[in-house]
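Colleague: Please take me through the labels you put on this model. For each one I want the value and the rule behind it.

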Amino acid sequence: MTHYLHKGDLPDDLDLGSVVAIDSETMGLRLRRDPLCVVQLSSGDGNAHLVQLDRTAYDAPNLKRLLTDPKVLKLFHFGRFDIAMFLLHLGVLTAPVYCTKIASKLARTYTDRHGLKDVTRELLQVELSKAQQSSDWGADSLSNDQMAYAASDVLHLHALRTRLDTMLVREGRMDLATACFAFLPHRAALDLAGWEDNDIFAHM
Ligand code: MN
């Protein structure tokens, strides 16, 4: 089931548990040009909560509390972008986090296909539709197709994490993954601080 929260915040009494899958939709992929529009969340129970933000104020205290709650692990696929968007528009640094794209890159070294669609197809035999990916997320209210697409991006992250964790342990890379997840919020902060196109670990 998909719960749609129009121009608002998460409900006061909603408990999504200790591991929450999160994704967001924006007007585009350029950080400062393209505003944050929608944040999708799931506890892994098959339900998705879609928060369409009020872009005049980005006033969503319950969402911000969840993003920064040290007892709640936030699951993303390419969290670097979502975390930077949240830092820019909501003013909070999301932590602690897990990223299924980083896990995939560390575990699935036999391929360079680490998009959510590819990873979900291989590890879960689930075919995700990307038809609504580039639609107008700034519209006053979301269409049924947009809601279904937005929900589908968070409904499989818990299962993906389980599969990827098994592979990371098998390949002896869990410690490396954990260290990368701990650094990820700071990588996103570096993007916002002006090091977006610059790898500070590179020689040049
Ligand atoms: Mn998405």
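Modeller: The expected span of a helix is 1.5 Å times one less than its number of residues. This is a predicted model, with pLDDT of at least 70 needed for local features and 80 or more for side-chain atom pairs, while totals for chains, interfaces and linings use all residues. Residues are numbered from 1 along each chain as its sequence is written, and side-chain values use heavy atoms, with hydrogens and water left out.

Colleague: How do you know that α7 falls short of a straight helix?

Modeller: Helix α7 (174-195) has 22 residues, for which a straight helix would reach 32 Å. The end C-alpha atoms of α7 are only 27 Å apart. Helices here are DSSP runs of H or I with at least four residues, strands are runs of E with at least two, and both are numbered from the N terminus.

Colleague: Where in α7 does the kink lie?

Modeller: At L184, shortly before the proline P185, with an angle of about 40 degrees. That bend is the angle between axes fitted to the seven residues ending at a position and the seven starting there.

Colleague: What does the span of α6 look like by the rule you used for α7?

Modeller: Helix α6 covers residues 157-170, which is 14 residues. From its first C-alpha to its last it reaches 20 Å, close to the 20 Å expected. Just after α6, G172 takes a positive phi of about 70 degrees.

Colleague: Which residues of α6 and α7 are called buried?

Modeller: Buried means under 20% relative accessible area, exposed means over 50%, and partly exposed lies in between (1.4 Å probe, protein chains only). In α6 the buried residues are L157, H158, L160, L164, D165, M167 and L168. In α7 they include F181, L184, P185 and R187.

Colleague: Why is A159, also in helix α6, called partly exposed?

Modeller: Its relative accessible area is 35%, which lies between the two limits, so A159 is neither buried nor exposed. The C-alpha atoms of A159 and L73 are separated by 14 Å, with these positions 86 residues apart along the chain.

Colleague: Why is D13 called exposed?

Modeller: D13 has a relative accessible area of 69%, and this is over 50%, so the label is exposed. D13 sits in the loop between β1 (2-5) and β2, and its C-alpha is 32 Å from that of S134, 121 residues away along the chain.

Colleague: What makes K7 and F78 worth a note on phi?

Modeller: Both have a positive phi in a residue other than glycine: K7 near 50 degrees and F78 near 60 degrees. K7 belongs to the loop between β1 and β2, and F78 to the loop between β5 (73-76) and α2. Their relative accessible areas are 36% for K7 and 38% for F78, so K7 and F78 both count as partly exposed.

Colleague: How do you know that the peptide bond between A95 and P96 is cis?

Modeller: Omega is about -10 degrees there. P96 lies in the loop between α2 and β6 (97-99).

Colleague: What makes an atom a donor of the manganese ion?

Modeller: Donors are N, O and S atoms within 2.8 Å of the metal (3.2 Å for Na, K and Ca). D23 (OD), E25 (OE) and D153 (OD) lie 2.0 to 2.2 Å from the manganese ion, so they qualify. Water is not among the atoms, so the site may look incomplete. Along the chain the donors follow the spacing D-x1-E-x127-D. E25 in strand β2 (residues 19-26) and D153 in helix α5 (residues 144-155) are 128 residues apart, and the pair links distant parts of the chain. Both E25 and D153 are buried.

Colleague: What makes a residue part of a pocket lining?

Modeller: Lining residues have an atom within 4 Å of a pocket point; on a 1 Å grid over the protein atoms alone, a pocket is an open set of points with protein on both sides within 12 Å along at least five of seven lines, found with a 1.4 Å probe. The largest pocket has a volume of about 620 Å³, a volume being the space filled by probe spheres set on the points, which are joined across faces, edges and corners. Of its 26 lining residues, the closest to the centre are D23, L29, K130, Q133 and Y149. β2 gives the most to this lining, with five residues.

Colleague: How many residues of each class line the second largest pocket?

Modeller: Seven are nonpolar, none polar and four charged. Ala, Val, Leu, Ile, Met, Phe, Trp, Tyr, Cys and Pro count as nonpolar, Asp, Glu, Lys and Arg as charged, and the others, Gly among them, as polar. This pocket holds about 270 Å³ of space, and its lining includes F78 and L184. The elements giving two or more residues to the lining are α3 (100-107) and α7. The largest pocket is lined by 10 nonpolar, eight polar and eight charged residues.
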